[in-house]
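Thanks, everyone, for making the time. I would like to walk you through one chain today, and I will begin with a small detail before stepping back to the whole.

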Amino acid sequence: ALATRVISYCSKKDIKLALAESCTGGLITAALTEIAGSSAVVDRGIVTYSNYAKVELLGVDKQTLIVEGAVSELTARAMAQGALATNRVDAAIAVTGVAGPGGGTPDKPVGRVHIAAARTGFETRHKKCSFGDIGRAQVREATVLTALKMLDQIVRKR
């Protein structure tokens, strides 16, 4: 229902979207493109799983990745802003995190996800999520839902 609402609203307002995904691997894009008429709204989904892809495709500064790491607020913001700046779109959402089951650290445990939403003419929003070690599929699912909520808010300018 949330994906349908986003597609419907963006279609009415002629808002084009780009999705930059790491830990969700394209699930946000899939949720949106499941909706009939999404081709009028979704311009592209970019899966940037590696740091190299984040730099090459979204313009994330290498230094940000070295200092802050891929799973960080600054990286998520840079991903969203890069998706907005490098594509002919009006809004972008970006996610980066540790879905698990391994890969967590004390500073960035399994279930830690950073989500950023950017829209032309508005301040980029960020949300740090701590879903916990609830299972890989559940972390990814919770990330998609949270990202869609943020996307709904930013396209409606709330």
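Please look first at P101, which sits in the loop between β3 and β4. What is the peptide bond from G100 to P101, cis or trans? In this model, which is a predicted one, that bond is cis, and its omega is near 10°. As general background, most peptide bonds are trans, and most residues other than glycine have a negative phi.

That second point brings me to D14, a residue other than glycine whose phi is nonetheless positive, near 55°. You will find D14 in the loop that runs between α1, residues 2-13, and β1, residues 17-21. With a relative accessibility of 54%, D14 counts as exposed, the cut-off for that word being over 50%.

Let me now step back to the chain as a whole. There are 6 helices and 5 strands in the secondary structure, and if you follow the sequence from its start, they come in the order α-β-α-β-α-α-α-β-β-β-α. The radius of gyration is 14 Å, which is close to the 15 Å that the globule rule gives for 158 residues, so the chain is as compact as a globular protein of that length. Taken along the principal axes, the box filled by the C-alpha atoms is roughly 45 × 30 × 25 Å.

Of the 158 residues, 49% are buried, and the accessible surface comes to about 7500 Å², with 50% of it belonging to carbon and sulfur atoms. If we consider the contacts with a separation of 6 or more, 62% of them are between residues 24 or more positions apart. As for charge, the chain has 21 positive and 14 negative charges, and their mean positions lie 5 Å apart.

I would like to spend the rest of the time on β4, which covers residues 112-119. How many of the 8 residues of β4 are buried? The count is 8 of the 8, so this strand is largely enclosed by the rest of the structure. In a regular strand, side chains alternate between the two faces of the sheet. Here R112, H114, A116 and A118 point one way, while V113, I115, A117 and R119 point the other way, and all of these are buried.

Which strands does β4 pair with? One is β3, residues 91-97, which pairs with β4 in the antiparallel sense over 7 bridges, and within that pairing G97 stands opposite V113. Another is β5, residues 125-130, which also runs antiparallel to β4 and is joined to it by 6 bridges; there, S130 is the bridge partner of R112.

Between β4 and β5 there are 5 residues, the two strands forming a hairpin, and G121 in the turn has a positive phi of about 85°. In that same loop between β4 and β5 lies T124. Is T124 buried or exposed? Its relative accessible area is 10%, so T124 is buried, given that the cut-off is under 20%.

What does T124 touch, if we leave out residues up to four places away in sequence? The list is R77, Q81, A116, A117 and A118, and A116, A117 and A118 are among the buried residues of β4 that I named a moment ago. Finally, T124 and A92 are 32 residues apart along the chain, and their C-alpha atoms are separated by 9.5 Å.

How values were computed
Residues are numbered from 1 along each chain as its sequence is written. This is a predicted model: local features need pLDDT of at least 70, side-chain atom pairs count only at pLDDT 80 or more; totals for chains, interfaces and linings use all residues. Side-chain values use heavy atoms; hydrogens and water are left out. Helices (H or I, at least four residues) and strands (E, at least two) are DSSP runs, numbered from the N terminus. The radius of gyration is taken over C-alpha atoms; the globule rule is 2.2 Å times the number of residues to the power 0.38. Buried means under 20% relative accessible area, exposed over 50%, partly exposed in between (1.4 Å probe, protein chains only). Contact means heavy atoms within 4.5 Å. Accessible areas come from the Shrake-Rupley method with a 1.4 Å probe; for residues, only the protein chains shown count as cover. Lys and Arg count as positive and Asp and Glu as negative; His and the chain ends are not counted. The place of a charge is taken as NZ of Lys, CZ of Arg, CG of Asp or CD of Glu. Two strands pair if DSSP finds at least two bridges between them.
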